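Trainee: I've got a new protein open on my screen and I'd like to learn how to read it. Can we go through it together?

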Amino acid sequence: MTDVTPSTPSSRVRLRGALDAVPAYVAGKPAAAQAGVTAYKISSNENPYPPLPSVLDVVREQAGQMNRYPDMGVAALTAKLAERLGVPAARIATGPGSVGVLGQIITAFCDPGDEVIFAWRSFEAYPILVALAGATAVQVPLTSEARHDLDAMAEAITERTKVILVCTPNNPTGPSVRAEELEAFLDRVPDDVMVVLDEAYLEFVTSEEAPDALAIHRDRPNVAVLRTFSKAYGLAGLRVGYAVAHEPVAEALRKTAIPFGVNSLAQAAAIASLEAFDELDIRVKELVAERSRVVAALEKQGWEIPDTDANFVWFGVGERTAEFAAACQAAGLTVRPYGTDGARATIAEREANDRLLEVAEAFTRS
């Protein structure tokens, strides 16, 4: 009998060599159904609350115009942000989520061989975006308290350093950098090195020692602030973020942006969310209260949880990370494991948080 299995022709296309160094982004897995229990996805730091009715109404209205291109300049949202933050509109640059804006930053600053410094572990997209630019990631280990080691990051600066990323609060471990140590660090950074303060979880911060990033930005032309509507605002599915940077940098970020990267629904929802922030802030405070309750219970169980200013907690279980994640999965909870470093669990619905506490307590006895 003749074999009719189709053969795949060999390819001679030439992909960029830089792709060989790009790690794969690992997204939080959806919750797996468990017999007799509600499954919860607590792996992606999503806001567990549904959109506000007022925001949904605006999105529904805007959806009727989806046959039209969005405003490429994102003018209405830019003006609203400038008014809310007290900065010139020319200092605002938007993009599809804060990670999209960060990609614009790396593109604007980095040529192949340039260096980008960041703590590790920190946001998983950092090494991906750096590698895509052909730049070199310089990863500085966190301290024993799961904090940025800013002294070590300052020591890592070389003539090739173009950008430094400071994730505060740090994802996935939770602590914010302290204002005093950040100012001391910035005093050591050369003026021609861009420092990005990534504040994706800003609204959940309660530490009195946390920095005022916008005030720091105003005094330092080489500092940009990165924020998102994905977490506290609950717009993760619409993808909209922004940077506050001095005019030359903000202009460069607009040049490196994908045309029409912020869609019409995202812009309308972001503006409506800013206008409804008092309602959203109630939800944020409830999540912060839940965070405090969960952390206190975990510490009572004997866990050493880093001081978290975000909407998640970090379990530094090391070599037992996969085991801990499996125990959570068996209970209907999907957490986010990070190799053999630890696992991150989002503060979610109270039932999910209570179940996390049950799994954590059982794990301490195993």
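Mentor: Sure, and let's start with a term: on a grid over the protein atoms alone, a pocket is an open set of points with protein on both sides within 12 Å along at least five of seven lines. Its volume is the space filled by probe spheres set on the points. Keep in mind that this is a predicted model.

Trainee: Okay, so what volume does the second largest pocket have?

Mentor: That definition gives us a set of points, and the volume is the space filled by probe spheres set on them. For the second largest pocket, this comes to about 220 Å³.

Trainee: Which element supplies the largest share of the lining of the second largest pocket?

Mentor: There are 18 lining residues, and the closest to the pocket's centre are Met72, Val74, Thr94, Arg254 and Ala257. By class, the lining has 10 nonpolar, 6 polar and 2 charged residues. Two elements, strand 2 and helix 8 (247-255), each supply at least two residues. The largest share, 4 residues, comes from strand 2.

Trainee: Strand 2 sits in a sheet, then. Which strands stand at the edges of that sheet?

Mentor: Read the order of this open sheet of 7 strands: 2-8-7-6-5-3-4, with mixed pairing. An edge strand has a single partner strand, so one side of it is left without a neighbour in the sheet. The strands in that position are strand 2 (92-95) and strand 4 (136-141).

Trainee: And how does strand 3 run relative to strand 5, parallel or antiparallel?

Mentor: In general, strands of a sheet pair through backbone hydrogen bonds, in one sense or the other. Here 4 bridges join strand 3 (residues 115-120) to strand 5 (residues 161-167). One of the partnerships is Ile117 with Ile164 in strand 5. The two strands run parallel.

Trainee: What angle does helix 4 make with strand 3?

Mentor: Helix 4 (residues 125-132) packs on the sheet, touching strand 3, strand 4, strand 5 and strand 6 (194-198). Comparing the direction of helix 4 with that of strand 3 gives about 165°.

Trainee: Now the other sheet: which strand is the bridge partner strand of Arg336, and which residue in it?

Mentor: This open sheet has 3 strands in the order 9-12-11, with antiparallel pairing. Strand 9 (312-315) and strand 11 (336-338) are the edges, so each has one side without a neighbour in the sheet. Strand 11 pairs with strand 12 (residues 342-346) over 3 bridges. Arg336 therefore finds its partner in strand 12, and that residue is Arg344.

Trainee: I've heard about odd backbone spots. Which residue has a positive phi although it is not a glycine?

Mentor: Most residues other than glycine have a negative phi, and most peptide bonds are trans. Two bonds here are cis: Trp120 to Arg121, with omega near 10°, and Asn171 to Pro172, with omega about 25°. Arg121 is in the loop between strand 3 and helix 4, while Pro172 is in the loop between strand 5 and helix 6 (179-188). As for phi, a value of about 65° turns up in the loop between strand 4 and helix 5 (150-155), at Ala146.

Trainee: Which residues does Phe277 contact, leaving aside neighbours within four places in sequence?

Mentor: Phe277 is placed in helix 10 (residues 277-301). A contact needs heavy atoms within 4.5 Å. With that cut-off, the partners of Phe277 are Arg84, Glu203 and Tyr233.

Trainee: What is the volume of the largest cavity?

Mentor: The structure holds 1 cavity of 30 Å³ or more. Its lining includes Asn47, Tyr49, Tyr233, Leu280 and Arg283, and by class it divides into 8 nonpolar, 3 polar and 1 charged. The volume of the largest cavity is about 60 Å³.

Trainee: Last one: how far apart are the end C-alpha atoms over residues 42-347?

Mentor: Residues 42-347 are covered by an unreviewed UniProt entry's annotation, "domain: Aminotransferase class I/classII large". Over these residues the chain is 40% helix and 17% strand. The end C-alpha atoms are 7 Å apart.

Key: Residues numbered from 1 in each chain as written. Predicted model: local features only at pLDDT ≥ 70, side-chain atom pairs only at ≥ 80, totals over all residues. Heavy atoms only, no water. Pairing = 2+ DSSP bridges. Axes fitted to C-alpha atoms, helices over the stretch in contact; angles between N-to-C directions. 1 Å grid on protein atoms, 1.4 Å probe; cavity = no way out; pocket = protein on both sides within 12 Å on 5 of 7 lines; lining within 4 Å. Nonpolar A, V, L, I, M, F, W, Y, C, P; charged D, E, K, R; others polar. UniProt positions renumbered as here; feature names shortened; annotations may be inferred.
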